[in-house]
Amino acid sequence: MSHNWKEYVGDKNFYRSILKIAIPVSAQQLITVGINLMDTVMLSSMGDIQLSAAAQAGQFINLFQIFCMGIGMGASVLTARFWGMEDKISLRKAVTIMLRIVLAFATVFFLATLCFPKTIMLFYTSNEETIRYGVSYLQWILPTYYCMGLSLTCTIVLRSVGEVRIPLISSFLSFFINIFFNWVFIFGKLGAPRMEIAGAALGTLIARIFELLFICGFFILKDSRIEYRFHHLAMPCRNLLREYFRISIPVLVSDGLLALGNNSVAMIMGRIGDTFVAANSVTMVVQQLSSVLTQGVSNASGIITGHTMGRGEYDKAQKQGYTFLLLGALVGFLAAAAILLLRTPIIGYYQVSQQAKEISFQLMDAISFIIIFQAMNSILTKGVLRAGGDTKFLMAGDILFLWVASIPLGMLAGLVWHWPPFWIYSMLKIDQILKCVWCFFRLRSRKWMKKISAAPAEEKAA
């Protein structure tokens, strides 16, 4: 009995592997939260309108970021498995397909933002002043689509083969670059013009350019694990396309629907009013802070599961899945406790209206409850089940619960019934609870473990 118990709990090497991935990923997420915190705090001194405008314009950039996460995470299901199979040729082909797709997406978003910035802002708010500030932000941030797209997807692939140190160093350095240039351009320091919201956009863009040079420079010129170089961008990949799309397209659709769902949430909040948007901007940092450890464990669960299945150890992967689920519950309760402890000092730090602060407290209460389910759900959907190749099932869950439950209930609660902020947020995030139960039964069924094919032998020498 004790032997069986140990199989589910795991051994020292298992937890060492988790920590080796989770700690650097969590630290990187923490740095990202720090950047967002400083952006929001600096802009909050300019008033609710500019803070709201940056938050709303940022939603469109977040839409692109989540698409990139979908592209990268879809590729990482394959790259982690190919790494476990010791098949570098197929791994490089998966990277090539990923980079081509992300460049196409970046071009679409670049052109949309260049040609229709006001139309984009009208999706989120009808306030003319908010739209004017938002358009200014979007015009300055334009090149960030290419920078973010390439650096983010390359970061995800590097993590999938166990390289977590370089992305962490990049984030650490870009944190200071972003804060410094934000301070210079928002407030007009060191002889620079006072640009306010446009300065926040410029500071962020400079940090993104640095990340591109640092991450992609390492990935293409120095990395010795995947050994991916410029000439591989032209390598033939047709023989892997079918398998790539079978696994990756559902991930892209899932994350794309999540991005659109988040944007729908932002649109609902924008219609409720700028005060509600400003209050949500205050809580965004806490939401990100509370999910830092979840993201680390989720990344670790996906990479470890992919490597385990790549070695053909399916029974071990199933037992590890239960262990990761229990870790998710533990992380969720820790995050909820952290939110309740930190909410008062964090809300008090912002220079927003008293009404925005009162709404923030209600939102924090809702977040502390939802985060428990969100942690377990995230580790299964973005980690274990996704790494198992069960991407079509997860896509169905995302479509069903987000668009049939969360969005309609959120719209009714916020725009029709005018419920208190606690219940509006709870309805907007009810999919997290439903998906948690849905994915637990999927894990138990063992149907989530799918086989993945490598590139055919005749093209191995490519």
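This section walks through confidence, salt bridges, cysteines, a surface patch and a few single residues in a predicted model.

To start with how far the model can be trusted, the chain comes out with an average pLDDT of 85, and 95% of the residues reach at least 70. Confidence peaks in helix α4, residues 88-115, where the mean is 94. The low end is helix α1, which covers residues 2-9 and has a mean of just 55. Residues 457-462 are another spot to read with care, since their pLDDT is below 50. That stretch still makes 11 contacts in the model beyond its near neighbours in sequence.

Next come the charged pairs. The count of salt bridges comes to nine. One of them joins the side chains of K88 and E227, with N and O 3.1 Å apart. K88 sits in helix α4, while E227 belongs to the loop between α9 and α10, so this pair ties together parts that lie 139 residues apart in sequence. Both partners are partly exposed: K88 has a relative accessible area of 28%, and E227 has 35%. The pair also belongs to a network of salt bridges, in which K88, R92 and E227 are linked.

A second long-range link involves R446 and D315, whose closest N and O atoms are 2.7 Å apart in a salt bridge. Here the connection runs between distant parts of the chain, with R446 in the segment after α17 (430-445) and D315 in helix α13 (residues 314-349), 131 residues apart. R446 is partly exposed, at 37% relative accessibility.

The salt bridge between R208 and E211 is a local affair, with an N to O distance of 3.3 Å. Both residues are in helix α9, three residues apart, so about one helical turn separates them. This pair is buried on both sides: the relative accessible area is 17% for R208 and 13% for E211.

On to the cysteines. A search of the whole structure turns up zero disulfides. What keeps C154 from counting as bonded? The closest cysteine sulfur, in C216, is 4.0 Å from the sulfur of C154, which is too far for a bond; the cut-off for a disulfide is 2.5 Å. C237 is in no disulfide either, and its nearest cysteine sulfur, that of C154, is 14 Å away. As for accessibility, C154 is buried at 2% relative accessible area, and C237 is buried too, at 5%.

The surface also carries a nonpolar patch, made up of L241, F245, I249, V253, L260, I399, L400, W403 and V404. Together these residues offer about 670 Å² of accessible area. Two helices, α10 (238-272) and α15 (391-416), each put in at least two residues. The biggest contributor is α10, which gives five. F245 is one of the patch residues and is found in α10. With a relative accessible area of 33%, F245 counts as partly exposed.

T130 gives a view of the opposite kind of setting. This residue is found in helix α6, residues 128-141, and is buried, with a relative accessible area of 0%. What does T130 touch, leaving out residues up to four places away in sequence? The partners are I49, S52, A53, M121, T125 and D274.

Finally, there are two backbone oddities worth a look on screen. Most residues other than glycine have a negative phi. E196, although not a glycine, has a positive phi of about 55°. H418 is likewise a residue other than glycine with a positive phi, near 55°. Where do they sit? E196 lies in the loop between α8 (165-187) and α9 (197-221), and H418 is placed in the loop between α15 and α16 (421-428). In terms of accessibility, E196 is partly exposed at 22%, whereas H418 is exposed at 59%.

Notes:
Residues numbered from 1 in each chain as written. Predicted model: local features only at pLDDT ≥ 70, side-chain atom pairs only at ≥ 80, totals over all residues. Heavy atoms only, no water. Buried < 20%, exposed > 50% of the residue type's maximum accessible area, 1.4 Å probe, protein only. Patch = residues over 30% accessible without salt bridge, like charges linked within 9 Å, V, L, I, M, F, W, Y side chains within 5 Å. Areas by Shrake-Rupley, 256 points an atom, 1.4 Å probe, with all protein chains shown as cover. Salt bridge = Lys/Arg side-chain N within 4 Å of Asp/Glu carboxyl O. Helix = DSSP H or I, 4+ residues; strand = E, 2+ residues; numbered from the N terminus. pLDDT = per-residue confidence, 0-100. Contact = heavy atoms within 4.5 Å.
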